Amino acid sequence: MTVVPSRFPIRQNELYETEPWATKALLRHFPVAGMRIWEPAAGNHMMADVLRDHGATVFTSDIAVYTREHDRIADFIRGLDAGPPCDGIVTNPPYGKGNREAVRFIERALAACDGLVAMLLTAKFDFGKTRLHLTRDNPRFLGRIALVDRIQWFPGATTGTEDHAWFVWGAGRPAGARPILLYEGKPA
Ligand SMILES: C[S@@+](CC[C@H](N)C(=O)[O-])C[C@H]1O[C@@H](n2cnc3c(N)ncnc32)[C@H](O)[C@@H]1O
């Protein structure tokens, strides 16, 4: 993540685990039942488990193993192989300094998958001239889902310190359509 609570160390490989409600917020708008989804930064499968519970066949990979085994151990950015056939890629990638790792993850995901690409990112990810090729100027960019509740990344923390949003790409927008903006949060 770009910003973490000051009392917490930056975690190795940026392992931050996504609370299930945040993934469910995506799936209310982009259902994955029957789809083959690649989770390429799977961590401890917090997101992969929700995708599977909602009917997807999930292929997991990550650069490292924590408590859960992956289908493959792979560096998603620098790995050379094509990955599994899939209908979608969904993850919460490492962000890196200035979001540069996140940019590389998205570029790699768009190259690897012609269908759904959904990335959980900091809410202001699209506030950046160097990222317009992924958002404003990208005909595959479908829009974003602003999360109006904050994700709790650390056990014991009462709330997160940063706003996040889902950024979603697809095969392409219909002619004349603009990216959409949606709002989601924890169920009441
Ligand atoms: C923010 S965590 C997300 C974990 C999981 N997707 C979730 O939401 O609970 C980022 C994950 O990316 C992995 N990672 C970091 N760099 C990577 C790379 N170059 N290729 C693949 N995975 C990487 C880390 O090991 C970590 O599990």
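This is a short tour of the ligand site and two backbone spots in a predicted model.

**Stop one: the ligand.** Start by selecting the ligand, which sits in the largest pocket. Now show what lies around it: 25 residues surround the ligand, and the closest are Thr-18, Glu-39, Ala-41, Asp-62 and Tyr-66. If you colour this shell by class, you will find 14 nonpolar, five polar and six charged residues.

**Stop two: the polar contacts.** Which residue places a polar side-chain atom 2.6 Å from an oxygen atom of the ligand? Select Asp-62 and you have that residue. Go next to Ala-41, where a backbone N or O atom is 2.7 Å from a nitrogen atom of the ligand. Then click on Ile-63, which has a backbone N or O atom 3.3 Å from a ligand nitrogen atom. With those contacts on screen, switch on a surface: the protein covers 98% of the 600 Å² of accessible area that the ligand has on its own.

**Stop three: two backbone spots.** Keep one rule of thumb in mind here: most residues other than glycine have a negative phi. Select Glu-14, in the segment before helix 1 (20-27). Glu-14 is not a glycine, yet its phi is positive, at about 55°. Is this residue buried or exposed? Glu-14 is buried, because its relative accessible area is 19% and buried means under 20%.

Finish at Asn-99, in the loop between strand 4 (88-91) and helix 3 (100-112). Here too phi is positive, near 65°, in a residue other than glycine. Asn-99 is buried as well, with a relative accessible area of 6%.

How values were computed: Residues are numbered from 1 along each chain as its sequence is written. This is a predicted model: local features need pLDDT of at least 70, side-chain atom pairs count only at pLDDT 80 or more; totals for chains, interfaces and linings use all residues. Side-chain values use heavy atoms; hydrogens and water are left out. A residue is near a molecule or strand if one of its heavy atoms lies within 4 Å of it. A polar contact is a pair of N or O atoms within 3.5 Å; within protein, one must be able to donate a hydrogen and the other to accept it, and residues adjacent in sequence count only if both atoms are side-chain atoms. Accessible areas come from the Shrake-Rupley method with a 1.4 Å probe; for residues, only the protein chains shown count as cover. On a 1 Å grid over the protein atoms alone, a cavity is a set of points where a 1.4 Å probe fits but cannot get out, and a pocket is an open set with protein on both sides within 12 Å along at least five of seven lines; lining residues have an atom within 4 Å of a point. A molecule sits in a cavity or pocket if more than half of its atoms lie within 2 Å of its grid points. Ala, Val, Leu, Ile, Met, Phe, Trp, Tyr, Cys and Pro count as nonpolar, Asp, Glu, Lys and Arg as charged, and the others, Gly among them, as polar. Helices (H or I, at least four residues) and strands (E, at least two) are DSSP runs, numbered from the N terminus. Buried means under 20% relative accessible area, exposed over 50%, partly exposed in between (1.4 Å probe, protein chains only).
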